Amino acid sequence: MEYEIKSLTPNLADDYFDFFDNRAFSDGSPFYPCYCNAFNLCKERMKKELYQRAEEYGNGLEGWKRALRESAERMVQAGEIKGYLAFDNGIAIGWCNANDRLNYYRTGEFDLHTLPEDEEYTHSHALRNGC
């Protein structure tokens, strides 16, 4: 068995979303839906891009999924989400989020319904990114 590893670029967006929509949570993980983008959003952006949009879409699982996915689509195109996709026979089967530490506004596990504050040492970076 031979796997291929590719760095995420906008031209691999379809593979990225295919992985998250169809295989990433096939084990029934409680983290579904996730597009590996919330850690890259400051609290202010999360309010606008996730909370507000999810509410506009009726909240619930489908509202959250749509808001998360749309945010991730913008972030992949802008190069804000960085990492590696693992492929088996041309199909994305794995993902590793790998970005500069200053591009994460929080680390560790958190619940989107109980959003922690942005971590202090990312504050100057956040100001440069409009947060």
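## Exercises on a predicted model

Phe17 is buried, with a relative accessible area of 5%, and the exercises below, which concern a predicted model, start from this residue and then turn to the sheet.

**Exercise 1.** Determine which kind of aromatic pair Phe17 forms with Tyr35, and which parts of the chain this pair ties together.

*Solution.* Begin with the geometry: the ring centres of Phe17 and Tyr35 are 5.7 Å apart and the planes make an angle of 50°. Since planes under 30 degrees apart count as stacked and those over 60 as edge-to-face, with the rest called tilted, the pair of Phe17 and Tyr35 is tilted. Next, place the two residues: Phe17 belongs to helix α1, whereas Tyr35 sits in the loop between α1 and α2 (43–56), so the pair ties together parts that are 18 residues apart in sequence. Finally, consider burial, where Tyr35 is buried, as is Phe17.

**Exercise 2.** Work out how the rings of Tyr16 and Phe17 are arranged, and to which cluster they belong.

*Solution.* The search of the whole structure gives 9 aromatic pairs. In one of them, the centres of the Tyr16 and Phe17 rings are 5.0 Å apart with the planes at 90°, so this pair is edge-to-face. Tyr16 counts as buried, because its relative accessibility is 0% and the cut-off for burial is under 20%. Both residues are members of one aromatic cluster, which also holds Phe19, Phe20, Phe25, Tyr35 and Trp95.

**Exercise 3.** Establish the order of the strands in the sheet, and explain why β1 and β3 each have one side without a neighbour.

*Solution.* The open sheet consists of 3 strands in the order β1-β2-β3, with antiparallel pairing. Because β1 (4–7) and β3 stand at the edges and have a single partner strand each, one side of each is left without a neighbour in the sheet. On average, and with direction ignored, neighbouring strands are turned by 25° against each other. Counting bridges, β1 and β2 pair over 4, while β2 (residues 83–88) and β3 (residues 91–97) pair over 6.

**Exercise 4.** Find which residues are placed opposite Leu85 on the two neighbouring strands, and follow one of them to a ring.

*Solution.* On one side, Lys6 stands opposite Leu85 of β2; on the other, the bridge partner of Leu85 in β3 is Trp95. Following Lys6, one finds that it lies over the face of Phe87, at 4.8 Å from the ring centre. As for Trp95, this residue leads back to the aromatic cluster that includes Phe17.

Methods:
Residues numbered from 1 in each chain as written. Predicted model: local features only at pLDDT ≥ 70, side-chain atom pairs only at ≥ 80, totals over all residues. Heavy atoms only, no water. Pairing = 2+ DSSP bridges. Axes fitted to C-alpha atoms, helices over the stretch in contact; angles between N-to-C directions. Phe/Tyr/Trp six-rings, centres within 6.5 Å; stacked < 30°, edge-to-face > 60°. Buried < 20%, exposed > 50% of the residue type's maximum accessible area, 1.4 Å probe, protein only. Lys NZ or Arg CZ within 6 Å of the ring centre and 35° of its normal.
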